[in-house]
Amino acid sequence: MGSAGIVVDDSGVARCWWAAATIDYMAYHDDEWGVAVHGESRLYERLTLEGFQSGLSWLTILRKREGFRAAFAGFDAGTVAAFGEADIERLMADTSIVRNRAKIRAAFTNAQAVVRLREQGGLDELFWSFAPAGHRQPRTPSDVSSTTAESIELAKALKRNGFVFVGPTTAYAGMQACGLVNDHLAGCHKGGS
């Protein structure tokens, strides 16, 4: 490992420490994590996957992502909002996803909340309204937060709008993943200096 949580690969590319663990993490780090995500289905997907990740490795979710996309109709909130008990049983038998009844129900509930939000400007508008103005880029792994004042408020706003399984830590992970904050370490090729 290089200085302060930076790993430099054989070709001289500097990355955040966690990206060096697997090729899956490296690709996610380089191509997706921290890149601005907009649009209802893309944000609903990220929030759903962050909820499914709770208590599990993110690698498990990454490796099952295509299964999740197929199981949840490409994360079309209108379609998922209409899912019912038969769909829960179908998904509980689907080995291409994480089979957790509470998390599956949460995905349905959250899809219904996404649909209701359309009348108020939509998920994109709500989610991005919590992007912090003065986020400080972390210099070391210990500088990376698991929650912030904004993620606490985002979680509260989501819950007020009918979302479940979206606490402050899940909300912050979503903020990181969707580019509301830049938590690539200083010195990472994605984070700047």
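This briefing walks through the fold, the pocket, the cavity and a handful of individual residues. The model is a predicted one. In outline, the protein chain has nine helices and two strands, and its largest pocket has a volume of about 510 Å³. There's also one cavity of 30 Å³ or more.

**Overall fold**

- Going along the sequence, the chain runs β-β-α-α-α-α-α-α-α-α-α, so both strands come before the helices.
- With a radius of gyration of 17 Å against the 16 Å that the globule rule gives for 193 residues, the chain is as compact as a globular protein of that length.
- Along the principal axes, the C-alpha atoms fit a box of roughly 50 × 35 × 25 Å.
- Buried residues account for 46% of the 193 in the chain.
- Take the contacts between residues at least 6 apart in sequence, and 66% of them join residues at least 24 apart.
- The accessible surface adds up to about 8,900 Å², and carbon and sulfur atoms own 51% of that.

**The largest pocket**

- This pocket, at about 510 Å³, is lined by 19 residues, and the ones closest to its centre are Glu 50, Gln 53, Trp 58, Ala 173 and Gln 176.
- Three helices each put at least two residues into the lining: helix 1 (23-31), helix 2 (40-53) and helix 9 (168-177).
- Helix 9 gives the largest share, with six residues.
- Sorted by class, the pocket lining comes out as 10 nonpolar, seven polar and two charged residues.

**The largest cavity**

- The largest cavity has a volume of about 60 Å³.
- Its lining is made up of Leu 47, Thr 48, Gly 51, Phe 52, Lys 103, Ala 106, Ala 107, Asn 110 and Phe 165.
- Helix 2 and helix 6 (101-117) each bring at least two residues to that lining.
- Helix 2 therefore turns up twice, since it also supplies at least two residues to the pocket lining.
- By class, the cavity lining splits into five nonpolar residues, three polar and one charged.

**Two phenylalanines with positive phi**

- As background, most residues other than glycine have a negative phi.
- Phe 75 goes the other way, with a positive phi of about 60 degrees.
- You'll find Phe 75 in the loop between helix 3 (58-71) and helix 4 (77-81).
- Phe 75 has a relative accessible area of 0%, so it counts as buried, the cut-off being under 20%.
- Phe 165 also has a positive phi, near 65 degrees.
- Phe 165 sits in the loop between helix 8 (149-160) and helix 9, and it is one of the residues lining the largest cavity.
- Phe 165 is partly exposed, because its relative accessible area of 35% falls between the 20% and 50% cut-offs.

**Helix 2 up close: Glu 40 and Arg 46**

- Glu 40 belongs to helix 2 and is partly exposed, at 23% relative accessible area.
- Setting aside neighbours within four places in sequence, Glu 40 makes contact with Ala 77, Val 114, Arg 118 and Leu 123.
- One of those partners, Ala 77, falls in helix 4 (77-81), while Val 114 falls in helix 6 (101-117).
- Glu 40 and Thr 170 are 130 residues apart in sequence, with 18 Å between their C-alpha atoms.
- Arg 46 is in helix 2 as well, and at 8% relative accessibility it is buried, being under the 20% cut-off.
- With neighbours within four places again left out, Arg 46 touches Glu 32, Val 37, Ala 177 and Cys 178.
- Ala 177 is in helix 9 (168-177), so this contact of Arg 46 links helix 2 with helix 9.

**Towards the N terminus: Ala 20**

- Ala 20 lies in the loop between strand 2 (14-16) and helix 1.
- Its relative accessibility is 41%, which makes Ala 20 partly exposed.
- Ala 20 and Ala 70 are 50 residues apart along the chain, and their C-alpha atoms are 28 Å apart.

Notes: Residues are numbered from 1 along each chain as its sequence is written. This is a predicted model: local features need pLDDT of at least 70, side-chain atom pairs count only at pLDDT 80 or more; totals for chains, interfaces and linings use all residues. Side-chain values use heavy atoms; hydrogens and water are left out. On a 1 Å grid over the protein atoms alone, a cavity is a set of points where a 1.4 Å probe fits but cannot get out, and a pocket is an open set with protein on both sides within 12 Å along at least five of seven lines; lining residues have an atom within 4 Å of a point. Grid points are joined across faces, edges and corners, and a volume is the space filled by probe spheres set on the points. Helices (H or I, at least four residues) and strands (E, at least two) are DSSP runs, numbered from the N terminus. Ala, Val, Leu, Ile, Met, Phe, Trp, Tyr, Cys and Pro count as nonpolar, Asp, Glu, Lys and Arg as charged, and the others, Gly among them, as polar. The radius of gyration is taken over C-alpha atoms; the globule rule is 2.2 Å times the number of residues to the power 0.38. Buried means under 20% relative accessible area, exposed over 50%, partly exposed in between (1.4 Å probe, protein chains only). Contact means heavy atoms within 4.5 Å. Accessible areas come from the Shrake-Rupley method with a 1.4 Å probe; for residues, only the protein chains shown count as cover.
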